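Visitor: I would like a close look at one part of this structure, with the rest brought in where it helps. Please keep the explanation plain.

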Amino acid sequence: MSDVLPITKIPRHGLPPRALVVGDPDRATAVAGSLENAVLVGQNREYRSYTGTWKGVPVVVSSHGVGGPGALCQFGELAEAGVRTFLRLGTAGSLADGITDGDLVIAEAAVRDDGVTQQLIHPEYPAFATPEIVVALNRVAPEARRGVVWTRAAFSPLVLTLPMTEYLAARVIAIEMELSTLLVFAALRGLRAGGVLVIDGDARPEHPDPSAYDPHRDVVAEGVARATRVALDALIDVEGAE
């Protein structure tokens with residue numbers, strides 16, 4: 001049997017129990033640059049994984065790419081390798097007044113429109129963040145907005161034309177692509193999971209020009225840098241995460 005897992009190419013055993021997961025491989029590299037003693041431990045396709053320490057605590061930073069199915073492969077292999085607490089750091093579109101570019105959102109739960117968890121468990125099963133992670137994130141970033149986010153498989157400013165009136169009325173505050181997959185996976189495995197998201201645009205139908213979506217602006221980059229510190233601090237602050 002190989003010493004590395006087949007999809008992510010990470011070591012089969014021995015990873016730290018805490019992982020920060022991100023979509024973009026380059027974001028994983030950027031986060032790893034903030035760690036002490038960062039080492040690349042696996043790279044394949046969209047998956048790039050590092051180990052290192054943050055304030056003396058060992059952590060994993062790993063990218064999962066875009067969308068729930070591929071992300072689920074990463075979550076499964078990280079868990080097999082020893083991860084027990086997952087925190088997703090990503091970007092999202094705003095669905096609420098007062099939440100704008102660069103702001104941080106702490107997910108308390110997610111709408112399961114991810115296209116993959118329906119194949120794992122009945123749709124009535126909730127996608128909920130581990131309370132200890134929500135508390136840790138709120139402790140580190142009390143200014144962040146907390147609420148329900150919408151995970152959607154087909155999220156794109158150019159294709160997101162379906163009515164969302166019900167979700168807006170229900171106070172869903174942001175939309176992204178992978179979090180509900182992580183939350184359901186973790187709950188089914190008895191693991192801990194949560195998410196902190198950086199707003200990179202307004203996803204509501206009344207947005208004047210959806211084709212002008214640009215997540216690469218300075219305000220978003222500054223939000224991601226701030227959220228990186230928040231996520232790492234919260235990850236090592238979660239009670240009982242070992």
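Visitor: Which residues have the most contacts inside the largest nonpolar core, and how many residues does that core have? Please take a close look at that part and at what lies around it.

Guide: A word on the source comes before the answer: this is a predicted model. The largest nonpolar core has 67 residues. Those with the most contacts inside it are L20, L78, F86, L87, L89, L137 and V149. Helix α6, which covers residues 218-237, gives the most to this core, with eight residues. Apart from it lies another core, of seven residues, and W150, M164, V172 and A203 are among them.

F86 serves as an example from the list. Its neighbours within four places in sequence are left aside here. F86 is then in contact with A19, V21, F75, L78, A79, I133, L182, F185, L191, R192, A193 and G194. L78 appears both in this set of contacts and among the residues with the most contacts inside the core.

Several of these partners lead to a pair of helices, α2 and α5. Helix α2 runs over residues 68-81, and helix α5 over residues 179-189. Two packed helices are described by the angle between their axes and the distance between the axes. Here the axes of α2 and α5 come within 10 Å and cross at roughly 35°. The crossing is right-handed. On the α2 side the contact is made by G68, L72, F75, G76 and A79, and on the α5 side by T181, L182, F185 and R189. Sorted by type, the residues of this contact divide into five nonpolar, three polar and one charged. F75, A79, L182 and F185 take part in the contact between the helices, and F86 is in contact with these four residues as well.

Helix α5 is largely enclosed by the rest of the structure, because eight of its eleven residues are buried. The buried ones are L179, S180, T181, L182, L183, V184, F185 and A186. After α5 comes G190, whose phi is positive, near 75°.

Helix α2 also holds Q74. Is Q74 buried or exposed? At 0% relative accessibility, Q74 counts as buried, because the limit for that word is under 20%. With neighbours within four places in sequence left aside, Q74 is in contact with T8, V21, Y47, S62, S63 and H64. V21 is thus a contact of Q74 and also of F86. Q74 and V57 are 17 residues apart in sequence, yet their C-alpha atoms are 22 Å apart in space.

G67 lies in the loop between β4 and α2. At 9% relative accessibility, G67 counts as buried. Its contacts, with neighbours within four places again left aside, are M177 and E178. G67 and A154 are 87 residues apart in sequence, while their C-alpha atoms are 8.4 Å apart in space.

The charged side chains come next. Side chains of opposite charge can pair when their charged atoms come close. The structure holds twelve salt bridges. In one of them, R48 pairs with D26, and the closest N and O atoms are 3.2 Å apart. R48 lies in strand β3 (residues 47-54) and D26 in helix α1 (residues 25-32), so this bridge ties together parts that are 22 residues apart in sequence. R48 counts as buried, at 17% relative accessibility, whereas D26 is exposed, with a relative accessible area of 51%.

Helix α6 returns in another salt bridge, where D233 pairs with K55 and the closest N and O atoms are 2.9 Å apart. D233 lies in α6 and K55 in the loop between β3 and β4, so the pair ties together parts that are 178 residues apart in sequence. K55 is exposed, its relative accessible area being 59%.

R152 and D113 form a further salt bridge, with the closest N and O atoms 2.8 Å apart. Since R152 belongs to strand β8 (residues 145-152) and D113 to strand β6 (residues 104-113), the pair ties together parts that are 39 residues apart in sequence. R152 counts as buried at 16% relative accessibility, and D113 as partly exposed at 24%. Salt bridges that share partners also join R88, E176 and E178 into one network. E178 is one of the contacts of G67 described above.

How values were computed. Residues are numbered from 1 along each chain as its sequence is written. This is a predicted model: local features need pLDDT of at least 70, side-chain atom pairs count only at pLDDT 80 or more; totals for chains, interfaces and linings use all residues. Side-chain values use heavy atoms; hydrogens and water are left out. A nonpolar core is a set of buried Ala, Val, Leu, Ile, Met, Phe, Trp, Tyr and Cys residues joined through side-chain atoms within 4.5 Å. Buried means under 20% relative accessible area, exposed over 50%, partly exposed in between (1.4 Å probe, protein chains only). Helices (H or I, at least four residues) and strands (E, at least two) are DSSP runs, numbered from the N terminus. Contact means heavy atoms within 4.5 Å. A salt bridge is a side-chain nitrogen of Lys or Arg within 4 Å of a carboxyl oxygen of Asp or Glu. Axes are lines fitted to C-alpha atoms, for helices over the stretch in contact, and angles run from 0 to 180 degrees between N-to-C directions. A crossing is left-handed if the near helix is turned anticlockwise from the far one by less than a right angle, and right-handed if clockwise. Ala, Val, Leu, Ile, Met, Phe, Trp, Tyr, Cys and Pro count as nonpolar, Asp, Glu, Lys and Arg as charged, and the others, Gly among them, as polar.
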